[in-house]
Amino acid sequence: MTVVLITLGAMIGAPLRYLTDRAVQTRHDSVFPWGTFTVNLAGCLLLGGISGAALSTPWMMLVGTGFCGALTTYSTFSYETVRLAEQRTYLYAALNIVTSLVAGLGATLLAYTAVHALTA
Amino acid sequence: MTGELTTSGRAERGEPVDSDIDLHEPAHRTELARSHGAILVVIALGGALGALARYGLARLWPTPPGGFPWATFLTNVLGCFLIGVLMVLVTELWSAHPLVRPFLGVGVLGGFTTFSTYANDIRALLTPGTIVTAFVYFGLTLLCALSATLIAVRFTRWAHAATRRPGRGRA
């Protein structure tokens, strides 16, 4: 059952990352990887929220491990940062690291704290 | 140094860094329109495989409460190494089938690695007793992930060049 839930969540999360990345990159003509930033931020917000709500294990598998796990990505974040550095746009590479981590951690903490307070 | 990025035109033109597609090239832009369904299907399948592999690793190597999340750490660093190898292969050295990059890069590796669990693990470790673990996990993942990608990219280019010049490969 767990395998089915993770599969379902990931089969929605991964294509949604692709579509979001394309939609965002089409609208922002910038070397900054806004698409990956957007999906990682959204996934952190959602996972922080459902952790704060302390959902049951099946929901955590479907939404947390499956959907949020497949929606967010560390490999593309890392690859895009390395590419920015190889293109000698070191400022963008550094900005990508700092903004992704600050926004991702901030969103997780904010969502967790807010939902935890509301459901406690 | 000059030849380092010449095989990848996108890099030279300073265009958006998008591992999936180059939206400035009309042929790439129409990729989704032409094979909309196929690309989304292979990404969904790859994403499921990647996520299940991540879950399997987490089951094999469970993190005790307050402990260092080794499974997620290993998942992210390994995925970052593999995307470096894959992207050099499919964008610089091979002309791979159009579905290879979406399946392996966007699907499998994107579904395997996770940014949300990484952030949520750090959040859970931000307690007085485990704050050091939180900071070590935070910094070590970032350092090892970026290093893994960089090493993979350089190594793959080097290995390709070395095999293309068998007589001088050891030089």
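This report describes the interface between chain A and chain B, its salt bridges, the nonpolar cores and two backbone features. The structure is a predicted model.

**The interface between the chains**

On the side of chain B, 62 residues are in contact with 54 residues of chain A. The area buried between the two chains is about 4900 Å², and carbon and sulfur atoms give 68% of that area. Polar interactions are also present: 16 residue pairs are in polar contact across the interface, both residues of each pair having pLDDT 80 or more.

Six helices of chain B each give two or more residues to the side that touches chain A: α2 (26-29), α3 (31-60), α4 (70-93), α5 (100-112), α6 (116-125) and α7 (131-164). The largest share, 13 residues, comes from α3(B). Sorted by class, this side of chain B has 33 nonpolar, 19 polar and 10 charged residues.

**Salt bridges**

Over all chains, the whole structure holds three salt bridges; the count between chain B and chain A is two. Side chains of opposite charge can pair when their charged atoms come close. The pairs are set out below with their N to O distances.

| Pair | N to O distance | Elements |
|---|---|---|
| B:R154 and A:E86 | 3.4 Å | α7 of chain B, α4 of chain A |
| B:R157 and A:E86 | 3.0 Å | α7 of chain B, α4 of chain A |
| B:R157 and B:E92 | 2.9 Å | α7 of chain B, α4 of chain B |

The pair of B:R154 and A:E86 crosses between chains, and helix α4 of chain A, which carries A:E86, spans residues 75-86. The pair of A:E86 and B:R157 likewise crosses between chains. In contrast, B:R157 and B:E92 both belong to chain B, in helices α7 and α4, so their salt bridge ties together parts that are 65 residues apart in sequence.

Through shared partners, the salt bridges join A:E86, B:E92, B:R154 and B:R157 into one network. How buried or exposed are the members of this network? A:E86 has a relative accessible area of 4% and is buried. B:E92, at 13%, is buried, and B:R157, at 14%, is buried as well. B:R154 counts as partly exposed, because its relative accessibility of 40% lies between the cut-offs of 20% and 50%.

**Nonpolar cores**

In soluble globular proteins, nonpolar side chains tend to be buried together. The largest nonpolar core of this model contains 22 residues. Within this core, A:Y74, B:Y118, B:Y137 and B:L142 touch the most other members. Both chains take part: α5 (90-119) of chain A gives two or more residues to the core, as do α4, α6 and α7 of chain B. The largest share, six residues, comes from α7(B).

Which residues does B:L142 touch, not counting those up to four places away in sequence? The contacts of B:L142 are with A:Y74, A:F77, A:I97 and A:L101 in chain A, and with B:Y118 in chain B.

A second, separate core has 14 residues. This core includes A:A10 from chain A, together with B:I39, B:I43 and B:A51 from chain B.

**Backbone features in chain A**

Most residues other than glycine have a negative phi. Two residues of chain A are considered here for their positive values. Phi of A:A54 is near 50°. A:A54 is placed in the loop between α2 (34-52) and α3 (57-71) of chain A. Is A:A54 buried or exposed? A:A54 counts as exposed, because its relative accessibility is 63%, over the 50% cut-off.

Phi of A:R88 is near 65°, again a positive value in a residue other than glycine. A:R88 is found in the loop between α4 and α5 of chain A. Helix α4 of chain A carries A:E86 of the salt-bridge network, and helix α5 of chain A contributes to the largest nonpolar core.

Note on methods. Residues numbered from 1 in each chain as written. Chains lettered and ligands numbered in written order. Predicted model: local features only at pLDDT ≥ 70, side-chain atom pairs only at ≥ 80, totals over all residues. Heavy atoms only, no water. Contact = heavy atoms within 4.5 Å. Buried area = accessible area lost by both parts, 1.4 Å probe. Salt bridge = Lys/Arg side-chain N within 4 Å of Asp/Glu carboxyl O. Polar contact = N/O pair within 3.5 Å; in protein donor to acceptor, adjacent residues only side chain to side chain. Helix = DSSP H or I, 4+ residues; strand = E, 2+ residues; numbered from the N terminus. Nonpolar A, V, L, I, M, F, W, Y, C, P; charged D, E, K, R; others polar. Buried < 20%, exposed > 50% of the residue type's maximum accessible area, 1.4 Å probe, protein only. Core = buried A, V, L, I, M, F, W, Y, C linked by side-chain atoms within 4.5 Å.
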